[in-house]
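Here is a walk through one protein structure, helix by helix and contact by contact. Keep the viewer open and follow along.

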Amino acid sequence: MDIHKLVKKAQKGNDKAFLELFQQHEESIYRIAYMYVKNKEDALDVVQETAYQSFKSIGSLREPQYFKTWILKIAINRSIYVLRQRKKVILFPPEYTEQQIEDTVEEDIPLAVTLQDMLDKLDTYEKSVILLKIYQGYTFQAISEILELPLGSTKTILYRGLDKLRKNLKRGEMQ
């Protein structure tokens with residue numbers, strides 16, 4: 001069925017139309033979420049929360065042809081929210097000192113720098129633009145709409161982020 005008709009039906013309260021729309025993009029939403037949160041459980045939570053948020057606010061979508069852009073923006077925002085919540089969590093009980101934690105790590109395990117580690121060092125916009133452009137294949141125009149950035153800024157952010165990745169790779173270190 002035509003996306004315009006499905007969106008209009010969903011906006012009028014048709015649950016089946018919304019479900020059909022959501023299922024068409026569920027895999028992309030999961031991939032984007034996983035690139036941010038890096039584990040299956042949190043990515044699935046983001047997908048579920050994206051479904052809820054988008055269902056609740058489908059009426060605010062003015063242009064049906066931008067449904068995918070709109071829903072991916074919700075997924076990115078939910079992923080960033082999960083990451084922010086994670087920063088508030090204390091991973092070790094207070095009785096552990098930093099030295100006790102370091103002592104538990106074996107000295108001879110080599111540290112591997114992965115692309116994911118390098119992406120994690122970029123700021124939120126750089127990471128988002130790179131993920132959308134390289135991993136998802138979006139155009140600069142689509143990325144600028146998803147992230148609500150000017151087109152020129154989107155290009156600048158991509159090239160700045162790629163330059164940081166290139167420099168860190170050449171140095172073999174992370175900043």
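What follows is a tour that begins in the core and works out towards the loops. One thing to keep in mind is that this is a predicted model.

Let's start in the middle. The largest nonpolar core has 44 residues, and the members that touch the most others are Phe67, Ile76, Leu132 and Leu147. Helices α1 (3–11), α2, α3, α4, α6, α7, α8 and α9 each give two or more residues to this core. The biggest giver is α2, with 10 residues. As background, nonpolar side chains tend to be buried together in soluble globular proteins.

Leu147 is a handy place to click. Setting aside residues up to four places away in sequence, Leu147 touches Ile76, Tyr125, Ser128, Val129 and Leu132. Two of the residues that touch the most other core members, Ile76 and Leu132, are thus on the contact list of Leu147.

That list leads into helix α7. Ser128 lies in α7, which runs over residues 124–135. Is Ser128 buried or exposed? Its relative accessibility is 2%, so Ser128 counts as buried, the cut-off being under 20%. Beyond its neighbours within four places in sequence, Ser128 is in contact with Tyr36, Ile76 and Leu147.

Now look at α7 as a whole. Its 12 residues should span 16 Å at 1.5 Å a residue, and the end C-alpha atoms are indeed 16 Å apart, so the expected and modelled spans agree. The buried residues in α7 are Glu126, Lys127, Ser128, Val129, Ile130, Leu131 and Leu132. They pack against α2, α4, α6, α8 and α9.

Helix α9, one of those partners, covers residues 151–171. With 21 residues at 1.5 Å each, α9 should span 30 Å, and its end C-alpha atoms are 31 Å apart, which agrees. Which residues of α9 are buried? They are Thr154, Ile157, Leu158, Gly161, Leu165 and Asn168. Looking down the axis of α9, these buried residues fall within an arc of 100°, so they line one face of the helix. The spacing makes sense once you recall that an α-helix has 3.6 residues a turn, so residues three or four places apart point the same way. The cover over the buried residues of α9 includes α6 (115–120), α7 and α8 (140–146).

Arg160 is also in α9. This arginine counts as partly exposed because its relative accessibility is 37%. Leaving out residues up to four places away in sequence, Arg160 touches Asp123 and Glu126. Glu126 sits 34 residues from Arg160 along the chain, yet their C-alpha atoms are separated by 7.5 Å. Glu126 itself is one of the buried residues of α7.

Over in α4 (residues 67–87) you'll find Thr69. At 14% relative accessibility, Thr69 counts as buried. Not counting residues up to four places away in sequence, Thr69 touches Ala142, Glu145 and Ile146.

Next, the rings. The structure holds 5 aromatic pairs. One of them joins Phe18 and Phe55, an edge-to-face pair at 5.2 Å centre to centre with 65° between the planes. Phe18 lies in α2 (residues 15–37) and Phe55 in α3 (residues 40–57), so this pair ties together parts that are 37 residues apart in sequence. Phe18 is buried, with a relative accessible area of 7%, whereas Phe55 is partly exposed at 40%. Phe18 and Phe55 form one aromatic cluster with Phe22. Elsewhere, Lys133 lies over the face of Phe140, at 4.5 Å from the ring centre.

Finally, check two loop residues for their backbone angles. Most residues other than glycine have a negative phi. Lys38 goes the other way, with a positive phi near 65°. Lys38 is found in the loop between α2 and α3, and with a relative accessible area of 32% it is partly exposed. Glu148 also has a positive phi, near 55°. Glu148 belongs to the loop between α8 and α9, where it is exposed, with a relative accessible area of 60%.

Terms used: Residues are numbered from 1 along each chain as its sequence is written. This is a predicted model: local features need pLDDT of at least 70, side-chain atom pairs count only at pLDDT 80 or more; totals for chains, interfaces and linings use all residues. Side-chain values use heavy atoms; hydrogens and water are left out. Helices (H or I, at least four residues) and strands (E, at least two) are DSSP runs, numbered from the N terminus. Buried means under 20% relative accessible area, exposed over 50%, partly exposed in between (1.4 Å probe, protein chains only). Contact means heavy atoms within 4.5 Å. The expected span of a helix is 1.5 Å times one less than its number of residues. The arc is that of the directions from the helix axis to the C-beta atoms. Rings of Phe, Tyr and Trp (its six-membered ring) pair if their centres lie within 6.5 Å; planes under 30 degrees apart count as stacked, over 60 as edge-to-face and the rest as tilted. A charge sits over a ring if NZ of Lys or CZ of Arg is within 6 Å of the ring centre and within 35 degrees of the ring normal. A nonpolar core is a set of buried Ala, Val, Leu, Ile, Met, Phe, Trp, Tyr and Cys residues joined through side-chain atoms within 4.5 Å.
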